[in-house]
Amino acid sequence: MNQPPNLQQAILSAMQTEKDAMDFYRLVAEKMSDPQAAERFSQLAREERQHAHTFFHAYRGGDIHSFEEFLATPPRVDSEWWKALRQLEAQGFTERSALHLAIERERSLEKELRYTADTINRPEVKAIFLANASSTHNHCRSIALAYAEKYSQVATCCER
């Protein structure tokens, strides 16, 4: 999510990034052999869907006619989330590496959302970005906790 040229572009970019995250978590969930891990990633996918939905309601562009239509588009193979997943697969996909990557991606997303929020002058839209950044921070914390519980190692979580 690079610095967008205008407010609607910022909203569209954020909505797309949340969909990218949703697609990432769905695909990771499908690869899990442990049902508890699969459910953890499926839950994250559902939450990312909700994040995208909050941005959809703020978006005023005429190019997306329905949220379900937007969600039905295939994953963007040029997204950072997709590239990270493909790299993870090439290196040997494990639940541990997926959790670690999820922490990194959530940390980066929170930073991007907060940065963009700082550039927005409309309070109602800024609030959407900040709410999603807070939720993203919570994702990072919950993934780090799951990582610590499963692997007896502390995973550094998102810093504010």
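I started with Met15 and its contacts (heavy atoms within 4.5 Å). Met15 touches Ala52, Phe55, Phe56, Tyr59, Ile64 and Phe70, leaving out residues up to four places away in sequence.

The model is predicted, so local features need pLDDT of at least 70, side-chain atom pairs count only at pLDDT 80 or more, and totals for chains, interfaces and linings use all residues. Residues are numbered from 1 along each chain as its sequence is written, and side-chain values use heavy atoms, without hydrogens and water.

Next I looked up the largest nonpolar core (buried Ala, Val, Leu, Ile, Met, Phe, Trp, Tyr and Cys joined through side-chain atoms within 4.5 Å; buried is under 20% relative accessible area, 1.4 Å probe, protein chains only). It has 46 residues, and Met15, Phe24, Tyr25, Phe41 and Phe129 touch the most other members. H1 gives the largest share, 11 residues.

Then I checked H1 (residues 7-31) against H4 (residues 80-91); helices are DSSP runs of H or I, at least four residues, numbered from the N terminus. Their axes, lines fitted to C-alpha atoms over the stretch in contact, come within 9 Å and cross at roughly 25°. That makes H1 roughly parallel to H4 (angles under 35 degrees). On the H4 side, Trp81, Trp82, Leu85 and Glu89 make the contact.

Last came H6 (residues 123-151). Its 29 residues should span 42 Å at 1.5 Å a residue (1.5 Å times one less than the number of residues), and the end C-alpha atoms are 41 Å apart, which agrees. Its buried residues include Phe129, His137 and Tyr147. H1, H2 and H5 are among what covers them. Ser152 follows H6 with a positive phi, near 50°.

Conventions:
Axes fitted to C-alpha atoms, helices over the stretch in contact; angles between N-to-C directions. Helix = DSSP H or I, 4+ residues; strand = E, 2+ residues; numbered from the N terminus. Parallel < 35°, antiparallel > 145°, perpendicular 65-115°, else oblique. Buried < 20%, exposed > 50% of the residue type's maximum accessible area, 1.4 Å probe, protein only.
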